[in-house]
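Colleague: I'm new to this one, so please pick out the salt bridges and take me through them closely. I'd also like some background on how far to trust what I'm looking at.

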Amino acid sequence: MAARNWDFSRVDSSASFGGPIVARQRFSDAGYSGRLRYGDGIRNLSLYQSYLGPDFVAATGFLERVDVRQSGWESNFYVRPENAWIRSWQPILDGYVIHDHTGGLQEWWLSPRVDWVFQKQTTMHTMYVRSRERWLGREYDLNTAIYRFENTLWRPLSLSFEMKVGDISDVVATEFGY
């Protein structure tokens with residue numbers, strides 16, 4: 001892994017201010033986000049962490065939650081075998097953990113998957129997701145398998161098949177009426 005293939009692809013910091021909009025605003029809290037990435041055209045690895053303080057004002061509404069630290073990784077590599085029917089396959093492993101300000105684990109997510117590219121514009125995506133989320137003092141486990149098959153050889157008609165099999169947590173079942 002040559003040093004030239006590593007880069008800090010993103011380092012951000014933020015601050016929030018609370019109270020009414022007047023000439024003097026009170027500083028509320030800060031946050032940061034950073035990502036370290038390696039890529040050489042065949043292998044990719046990305047490590048990241050983000051944090052929003054407990055008093056961060058999310059007045060814009062696009063933040064899911066504050067007072068959490070999320071750390072994770074994204075990794076994959078390409079395999080291009082020399083044969084007549086498969087062009088490439090790509091094993092991928094992604095995951096993250098979310099901790100609150102006390103260091104308590106709030107959520108984790110792990111997803112191994114493989115993307116397949118075949119001849120004649122045919123692709124297949126196989127994926128498994130295992131996660132656990134703490135919500136209102138209770139932990140919810142989720143296991144999901146996803147399979148997607150597509151063929152786009154003929155422009156007027158694109159064929160696609162997707163199947164999801166797995167657990168639906170009580171939170172999701174209540175929210176969507178299952």
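Salt bridges, up close

Modeller: In this predicted model, the mean pLDDT (the predictor's confidence in each residue, from 0 to 100) of the protein chain is 75, and 69% of its residues reach 70 or more. Two stretches fall below 50: residues 19-24, with one contact (heavy atoms within 4.5 Å) beyond near neighbours in sequence, and residues 169-178, with nine such contacts. Residues are numbered from 1 along each chain as its sequence is written, and side-chain values use heavy atoms, leaving out hydrogens and water. Local features need pLDDT of at least 70 and side-chain atom pairs count only at pLDDT 80 or more, while totals for chains, interfaces and linings use all residues.

Now the layout. The protein chain has nine strands and one helix (DSSP runs numbered from the N terminus: E of at least two residues for strands, H or I of at least four for helices). Along the sequence they run β-β-β-β-β-β-β-β-β-α. Of the chain's 178 residues, 28% are buried (under 20% relative accessible area; exposed is over 50%, partly exposed in between, with a 1.4 Å probe and protein chains only).

On to the salt bridges themselves (a side-chain nitrogen of Lys or Arg within 4 Å of a carboxyl oxygen of Asp or Glu). Searching the whole structure turns up seven of them. As background, side chains of opposite charge can pair when their charged atoms come close.

Let's begin with Glu74 and Arg35, whose closest N and O atoms are 3.3 Å apart. Glu74 sits in strand β4 (residues 68-77) and Arg35 in strand β2, so this pair ties together parts that are 39 residues apart in sequence. Strand β2 itself covers residues 26-39. Arg35 counts as buried because its relative accessibility is 18%, whereas Glu74 comes out at 33% and so is partly exposed. Arg35 has another partner as well: its side chain and that of Ser46 are joined by a polar contact of 2.8 Å (a pair of N or O atoms within 3.5 Å; within protein, one must be able to donate a hydrogen and the other to accept it, and residues adjacent in sequence count only if both atoms are side-chain atoms).

Next come Arg113 and Asp94, whose side chains meet in a salt bridge at 2.6 Å, N to O. Arg113 belongs to strand β6 and Asp94 to strand β5, so the link is between parts 19 residues apart in sequence. Arg113 is buried, at 17% relative accessible area, and Asp94 is buried too, at 11%.

Strand β5 (residues 86-100) also holds Leu93, which counts as partly exposed because its relative accessibility is 34%. Leu93 is part of a nonpolar surface patch with Leu47, Trp73 and Leu110, with about 290 Å² of accessible area together. Patch members have over 30% relative accessible area and no salt bridge; nonpolar side chains (Val, Leu, Ile, Met, Phe, Trp, Tyr) are joined within 5 Å, like charges within 9 Å. Accessible areas come from the Shrake-Rupley method with a 1.4 Å probe, and for residues only the protein chains shown count as cover.

Then look at Arg134 and Glu139, with a salt bridge of 2.9 Å, N to O, between their side chains. Both ends are partly exposed: Arg134 has 32% relative accessibility and Glu139 has 38%. This pair is part of a network in which salt bridges that share partners join Arg132, Arg134, Glu139 and Asp141.

So, when you go back to the picture, try Arg35 with Glu74, then Arg113 with Asp94, then the network that includes Arg134 and Glu139.
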